[in-house]
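Visitor: Could you take me closely through a single part of this model, and then set that part in the context of the rest of the chain? I would like the cut-offs stated as you go.

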Amino acid sequence: MNKALYVFDFDGVIADSLTLCFKACAHAARLEGRTIALERDSWESLDNVTFEEMARVQGFTGEAVARFAAHVFAYTRQATPPAVFTGMREALSALAEQGDVMVLSANHSEMIRATLAAPTVTLVGVSAAVRL
């Protein structure tokens, strides 16, 4: 019997992570000696929705791009996890009984795990893909 596969984006679908992403990017920019201005639609303009791409769009080049992303991930690891939208934990749990649930994100998988508070989440690929 084939199991169903349910794939969800984390940011803006499962959790309200936009404020955390803004704060993390501003923090990363400050550590690199810069300031950046992000708007709610800043992510929509990206072809590749990653923190590296956000750094490039904000004018970072070379090794500063990777450092920016590393700063963002370090910030999100120590920050309070974002709020999960009402009903999402229950919906994900119900779907997990019927098949596999995968969560994708530009955010680090540790932040996703902390947000969902699911110690049984295991890594299945890139650092930001987690399987419930």
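Guide: What follows looks at helix 4 and its surroundings, and then moves outward to the rest of the chain.

The model is a predicted one, in which local features need pLDDT of at least 70 and side-chain atom pairs count only at pLDDT 80 or more, while totals for chains, interfaces and linings use all residues. Residues are numbered from 1 along each chain as its sequence is written, and side-chain values use heavy atoms, with hydrogens and water left out.

Helices and strands here are DSSP runs numbered from the N terminus (H or I for helices, at least four residues; E for strands, at least two). On that basis the protein chain has 5 helices and 4 strands, and along the sequence they follow the pattern β-α-α-α-α-β-α-β-β.

Helix 4 spans residues 88-98, and within it M88, L92 and L95 are buried, where buried means under 20% relative accessible area, exposed means over 50%, and partly exposed lies in between (1.4 Å probe, protein chains only). Viewed down the axis of helix 4, these buried residues fall within an arc of 65 degrees, so they line one face of the helix; the arc is that of the directions from the helix axis to the C-beta atoms. The general geometry is that an α-helix has 3.6 residues a turn, so residues three or four places apart point the same way. On the face of helix 4 turned away from the buried side sit the exposed residues E90 and E97.

The cover over the buried residues of helix 4 includes strand 1 (4-9), strand 2 (99-104) and helix 5 (109-116), with contact meaning heavy atoms within 4.5 Å. Each of these three elements can be taken in turn.

In helix 5, the buried residues are S109, M111, I112, T115 and L116. Seen down the axis of helix 5, they fall within an arc of 160 degrees, so they too line one face of their helix. T115, which has its place in helix 5, is buried with a relative accessible area of 2%. Leaving aside neighbours within four places in sequence, T115 is in contact with F10, A15, P81, P82, V84 and R89. Just after helix 5, A117 takes a positive phi of about 50 degrees.

Strand 1 contains L5, which counts as exposed at 52% relative accessibility. L5, V7 and L104 together form a nonpolar patch on the surface, with about 260 Å² of accessible area. Such patches are made of residues with over 30% relative accessible area and no salt bridge, like charges being joined within 9 Å and nonpolar side chains (Val, Leu, Ile, Met, Phe, Trp, Tyr) within 5 Å; the areas come from the Shrake-Rupley method with a 1.4 Å probe, and for residues only the protein chains shown count as cover.

Strand 2 brings in a salt bridge, defined as a side-chain nitrogen of Lys or Arg within 4 Å of a carboxyl oxygen of Asp or Glu. K3 forms one with D100, the closest N and O atoms being 3.3 Å apart. K3 lies in the segment before strand 1 and D100 in strand 2, so the pair ties together parts that are 97 residues apart in sequence. K3 is exposed, with a relative accessible area of 57%, whereas D100 is buried, at 18%.

A search of the whole structure finds 3 salt bridges. R67 and E32 meet in one of them, at 2.9 Å from N to O; R67 lies in helix 3 (residues 63-78) and E32 in the loop between helix 1 (18-31) and helix 2 (51-57), so this pair ties together parts that are 35 residues apart in sequence. E53 also forms a salt bridge with R56, with the closest N and O atoms 3.5 Å apart, and these two residues, being 3 residues apart in helix 2, are separated by about one helical turn.

A disulfide is a pair of cysteine sulfur atoms within 2.5 Å, and the count by this rule comes to 0. The sulfur of C21 is 6.5 Å from the closest cysteine sulfur, in C25, which is too far for a bond. C21 counts as buried at 6% relative accessibility, and C25 is buried at 0%.

For the protein chain as a whole, buried residues make up 41% of the 132 residues. Among contacts with a separation of 6 or more, 65% are between residues 24 or more positions apart. The accessible surface of the protein chain comes to about 7,400 Å², of which 53% belongs to carbon and sulfur atoms.
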